[in-house]
Amino acid sequence: MARDPKYDVLFEPVQVGPKTLRNRFWQVPHCNGAGSERPGMQAEFRAMKAEGGWSAVFTEACTITPDSDVMPLVGAKLWDDGDVRNLSLMTERIHDHGALAGVEMCAAGGMAANSESRAPGRVVSQIPHEFNYMANGRALDREEIRRLRREHVAGALRARAAGFDLLTLFVGLGAFPIYFLYPFYNKRTDEYGGSFENRIRFTREVLEDIREAIDDCGIGCRFVIDTLDEPYGYGEQGIRYDGEGVQFIAALDHLVDYWDLNIGTLNWGEDAGSSRFFAMNHEAQYTRIAKTVTTKPCVNVGRFTDPDVMVEAITSGQCDIIGAARPSIADPFLPSKIEEGRPDDIRECIACNVCVSRWEMGGPPIWCTQNPTSGEEYRRGWHPERFTTAANAQNDVLVVGAGPAGLECAMVLGKRGMRRVHVVDEQPEPGGHLNWLTRLPGLGTWSRVTQYRRTQIDNLKNVQFVPRTRLSASDVLDYGAEIVIVATGAEWARDGMNGAMHARIDGADASLSHVCTPEQIALESKAHGERVVVVDHDGYHMGATMAELLAGRGASVTLVTHFDSMGPYMRYTLEEQRQYQRLVELGVRIVTQTLVTAVTPAQASIVHVWSGEEGTVECDTVVLVTQRVSRSELYEELRADAGAVEEAGIAAVHLIGDAWQPGMVAQATFSGHRLAREIDTDDPATPLPFIRERRLLNATEQDYVLGSPALAHGLDVLAT
Ligand code: ADP
Ligand code: SF4
């Protein structure tokens, strides 16, 4: 299909200094857990976006000096020529697909605790940093500033040697230029402190130095144009878009080829805003001012997934280039899909920030709720848009349960050419638990998980969704499929069983009128009283979501958790601060490090985890957010009767998603995808080994390919 002419503007080339972008799609810097230590993952992850049509593809923040070490967080590095060697694989693979490779250069200053390098820290003014424990350093003198400038040039030269076309100087989130720029950090009294001219001096000098050394790369800044109000930003101690933000651009415009703009501080949930709190293109109110003073192309971000919004951003004069991190993770082929006239195939980011959370946790490789192939391009060889025909494609498959796991599995099996795939659900609509979850406050955007898969399945002739059909074990045996996949999900425990006590909560029984599970509240509208206790042992968002929902309906809510903060995983998804504020505004009382040990129709008994102090909270209703329990009875029944399964001509019965392991939606989609990818292996239930990028003694390149002897685990020997 040809692209809709209304999107033509998105595919115009743009000149950035000596380099030409083939279109207006730019993957802005974002982390993925690969750094320079996993060069294969880094290269193939970024190359996928180049293949998918992005014209510029960047690294995450790439540190250029050993005293910028933010371990355990994993980022790209260009500290030495070894890093040049590793990152040059990324640039080579991006170039293979006709895109430009970009690097976001960063010397981290005060935020780096240098745990691995043990390097002596350097700062602009000697004050402990707000980000890391005991991160501090020596306030640079003039000679040391000159050395830091030289180190920036050396870093830029290494980047060029690695094959990068676009060299971005990071002016945000923990890089030296902002320590000079923001009064919050800069307390100097010499020519680098005080006036605006003095505070931008370092950035000006570094840009001049780099330009003098390099004339064949695009050189620009990723610039935070507004550091926002307190408590999310630095207030008057930072910079504001209509003050020093726009002045900075005007003052340094002649030294850059492009501006990549965003907002926020180290509390970067205001920039990578989750859909719970932010709409698409939410940064425009700050960033659009840049175009009033610059003659250079401007990149904007704001989780753009809708091509109409992108066109509006360009034609209204807001920006010249559509920047994206999360939309490019959820769908590396977003530009190609617009270009090929099939925007309905875009796998839109839901802005859940699970991708961010993996990095914030300190190292695990990226996960994406919408795109299970993200991070798996190299180590498992998965391509988000390409599927091989299964060796056992002549089989019919029955998938029981149309939640995220079942839908993903059915969709991929369809794309792998299975003869017939039926995905059957007792509910009238596909989506599983997302059908009620997405009706909760702030979670509507998550319905895109179902929407995308539904659209794909509707277009696959060999896949059919069968609604309103509850299947028993004997129904499954009679169905006529050769492969059965059970994706029957999970439900919240009705008895308060939880991992903190490894026991039930006394008196907790959701068949009673004063005890509820989240499903009962959302799905059955089970009545609750005026005074509600929400017990959270889950630690992600459900406890806070229930508290918000019920307090919003006027209940007086106490949230009790054994964790030391409300929904601690929300810290990793960058949602904690706003959610906390929202609950406090709704009058929710938050009680941490505390267990609920018993409930009655009149009260909850509590005990402090460490002091042992006991107490009670008077309440009419208790909501149990304690743990989810797999709904795997159907699978157990089928497993227990292997004879009947064989007699029915069923070659295999598999269990996936929450029915195997209750978890995040990202785990459910991954689980369904993984099984479908490997449905034709000897033992599809056991994941194939993946390439592990570790140092191997006496290694050859053959050790880093799928199926290499280094990945053998000997289980096949045990089986014989
Ligand atoms: P997951 O997150 O693993 O995809 P969900 O709980 O979201 O799991 O979805 C499971 C779906 O399976 C739900 O829609 C549920 O109604 C459906 N389901 C569970 N048991 C059966 C059954 N025996 N027959 C048909 N559908 C079922
Ligand atoms: Fe978007 Fe969530 Fe995927 Fe991140 S994990 S890219 S926020 S869908």
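I started with Glu693, which sits in the loop between α23 (665-677) and α24 (715-719); helices are DSSP runs (H or I, at least four residues) and strands likewise (E, at least two), numbered from the N terminus. Before going on: this is a predicted model, where local features need pLDDT of at least 70 and side-chain atom pairs pLDDT 80 or more, while totals for chains, interfaces and linings use all residues. Residues are numbered from 1 along each chain as written, chains are lettered from A and ligands numbered from 1 in written order, and side-chain values use heavy atoms, without hydrogens or water.

**Glu693**

I checked whether Glu693 is buried or exposed. Glu693 is buried (under 20% relative accessible area, 1.4 Å probe, protein chains only). I found no salt bridge for Glu693 (a side-chain nitrogen of Lys or Arg within 4 Å of a carboxyl oxygen of Asp or Glu). The nearest side chain of opposite charge, Arg38, is 5.6 Å away.

Next I looked at backbone nitrogens. The Glu693 side chain reaches that of Gly40 at 2.7 Å, and a polar atom of the same side chain lies 2.9 Å from that of Met41.

I also listed contacts (heavy atoms within 4.5 Å). Leaving aside neighbours within four places in sequence, Glu693 touches Glu37, Arg38, Pro39, Gly40, Met41, Tyr378 and Tyr704.

**The sheet**

I then turned to an open sheet of 3 strands, ordered β23-β24-β25 with antiparallel pairing (strands pair if DSSP finds at least two bridges between them). β23 (594-599) and β25 (614-618) are the edge strands, each pairing on one side only. I noted an average twist of 35° from one strand to the next. β24 (residues 603-608) pairs with β25 over 5 bridges, and Val607 has Glu614 in β25 as its bridge partner.

Note on methods: Buried < 20%, exposed > 50% of the residue type's maximum accessible area, 1.4 Å probe, protein only. Lys, Arg positive; Asp, Glu negative; His and termini not counted. Polar contact = N/O pair within 3.5 Å; in protein donor to acceptor, adjacent residues only side chain to side chain. Axes fitted to C-alpha atoms, helices over the stretch in contact; angles between N-to-C directions.
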